[in-house]
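The exercises below concern a predicted model. Each task is followed by a solution that proceeds step by step.

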Amino acid sequence: MYLMILGAPGSGKGTQGTLIAEHLGIAEVSTGALLRAAVKQGTPLGLEAKRFMDQGLLVPDQVILSLIRGILDSKEAARGVLMDGFPRTVPQATAVDQILKDRKAQVDMVLLLEVAEDELVTRLLARAAKEGRSDDNLESIKQRLKVYHDQTAPLVAYYDQQGVVSRIPGMGNVDEIQARVRDAVGGKA
Ligand code: AMP
């Protein structure tokens, strides 16, 4: 089973993705978390990615796709994967479609977390105060929201064409939103 969780920065992808992956007993892959770990360890990948991440820009597709290929080949991914923060661009989506097709699989469902823009900024600023993520400053937040609208939001139409998008109202508390996510995957799990 291959699930994607899609939404703007601050929409709750990480929180909801972790919970639903646990519930389904499948691996969760967060490209953002993998990149942050690489930055922390100072690997060549981390050094390259950091330049983009700090500016609120996307890391180049080929870098992300080699990460994803490695994960899809791993034993942990054998039962399926919940992808959080991937894909972020149409070329990433078409590439993963091809990778899955080669394995006689496909994207089963895309969970789209819908949250109003002013709430996104409030949440990201609150996270900045709490977690101190280096890309959670107002300038980078504005840039990431713009990148989301320009480069990632077109994926909704892309996946709508495949008929796999499930829209989840992302307002409310974590448990309420998780209940909606579980309802949405209920028919698939
Ligand atoms: P996230 O934790 O998903 O908000 O990602 C944090 C940052 O990592 C993003 O602002 C991008 O710079 C980078 N990133 C994460 N996932 C991707 C992806 N699929 N494609 C390109 N850049 C990504």
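## Exercise 1: Helix 4 and its surroundings

The buried residues of helix 4 are Val63, Ile64, Leu65, Leu67, Ile68, Ile71 and Leu72.

**Task.** Determine what covers these buried residues of helix 4 and how the helix packs on the sheet.

**Solution.** Step 1. The cover of the buried residues includes strand 1, strand 2 (27–30), helix 2 (31–41), helix 3 (44–54), strand 3 and helix 5.

Step 2. The spacing of the buried positions may be read against helix geometry. An α-helix has 3.6 residues a turn, so residues three or four places apart point the same way.

Step 3. The length of helix 4 (residues 61–72) can be checked at 1.5 Å a residue: its 12 residues should span 16 Å, and its end C-alpha atoms are 16 Å apart, which agrees.

Step 4. The sheet must be described next. It is an open sheet of 5 strands in the order 2-3-1-4-5, with parallel pairing. Strand 2 and strand 5 are the edge strands, each pairing on one side only. From one strand to the next, the twist averages 20 degrees. Helix 4 packs on this sheet, where it touches strand 1, strand 2 and strand 3, and its direction makes about 160 degrees with that of strand 3.

## Exercise 2: The strand pairings

**Task.** State how many bridges join strand 4 to strand 1 and to strand 5, and decide whether strand 4 is enclosed or open to the surroundings.

**Solution.** Step 1. Strand 1 (residues 2–6) runs parallel to strand 4, and 4 bridges join them. One of the partner pairs is Met4 with Val110 in strand 4.

Step 2. Strand 4 and strand 5 (residues 165–169) also run parallel, joined by 5 bridges. Here Leu112 has Arg167 of strand 5 as its bridge partner.

Step 3. Of the 6 residues of strand 4, 5 are buried, so the strand is largely enclosed by the rest of the structure.

Step 4. Elsewhere in the sheet, strand 2 and strand 3 pair in the parallel sense over 4 bridges, and Ser30 stands opposite Asp84 in strand 3.

## Exercise 3: The nonpolar cores

**Task.** Identify which residues of the largest nonpolar core touch the most other members, and which element gives the largest share.

**Solution.** Step 1. The largest core holds 42 residues, of which Val59, Ile68, Leu72, Met83, Val96 and Tyr159 touch the most other members. Helix 4 gives the largest share of this core, 7 residues.

Step 2. Apart from its neighbours within four places in sequence, Val59 is in contact with Leu35, Ala49, Phe52, Met53, Ile64 and Gln92.

Step 3. A second, separate core of 15 residues includes Ile20, Ala21, Met109 and Val185.

## Exercise 4: Local features

**Task.** Classify the aromatic pair of the structure, and locate the cis peptide bond and the positive phi of Lys104.

**Solution.** Step 1. There is 1 aromatic pair in the structure. The ring centres of Tyr158 and Tyr159 lie 5.1 Å apart with their planes at 85 degrees, so the pair is edge-to-face. Tyr158 is buried at a relative accessible area of 18%, and Tyr159 counts as buried at 0%.

Step 2. The cis peptide bond joins Phe86 and Pro87, with omega about -5 degrees. Pro87 lies in the loop between strand 3 (81–84) and helix 5 (90–102).

Step 3. Lys104 is not a glycine, yet has a positive phi of about 60 degrees. Lys104 is found in the loop between helix 5 and strand 4 (109–114). With 78% relative accessibility, Lys104 counts as exposed.

Note on methods:
Residues numbered from 1 in each chain as written. Predicted model: local features only at pLDDT ≥ 70, side-chain atom pairs only at ≥ 80, totals over all residues. Heavy atoms only, no water. Helix = DSSP H or I, 4+ residues; strand = E, 2+ residues; numbered from the N terminus. Buried < 20%, exposed > 50% of the residue type's maximum accessible area, 1.4 Å probe, protein only. Phe/Tyr/Trp six-rings, centres within 6.5 Å; stacked < 30°, edge-to-face > 60°. Pairing = 2+ DSSP bridges. Expected span 1.5 Å × (residues − 1). Contact = heavy atoms within 4.5 Å. Core = buried A, V, L, I, M, F, W, Y, C linked by side-chain atoms within 4.5 Å. Axes fitted to C-alpha atoms, helices over the stretch in contact; angles between N-to-C directions.
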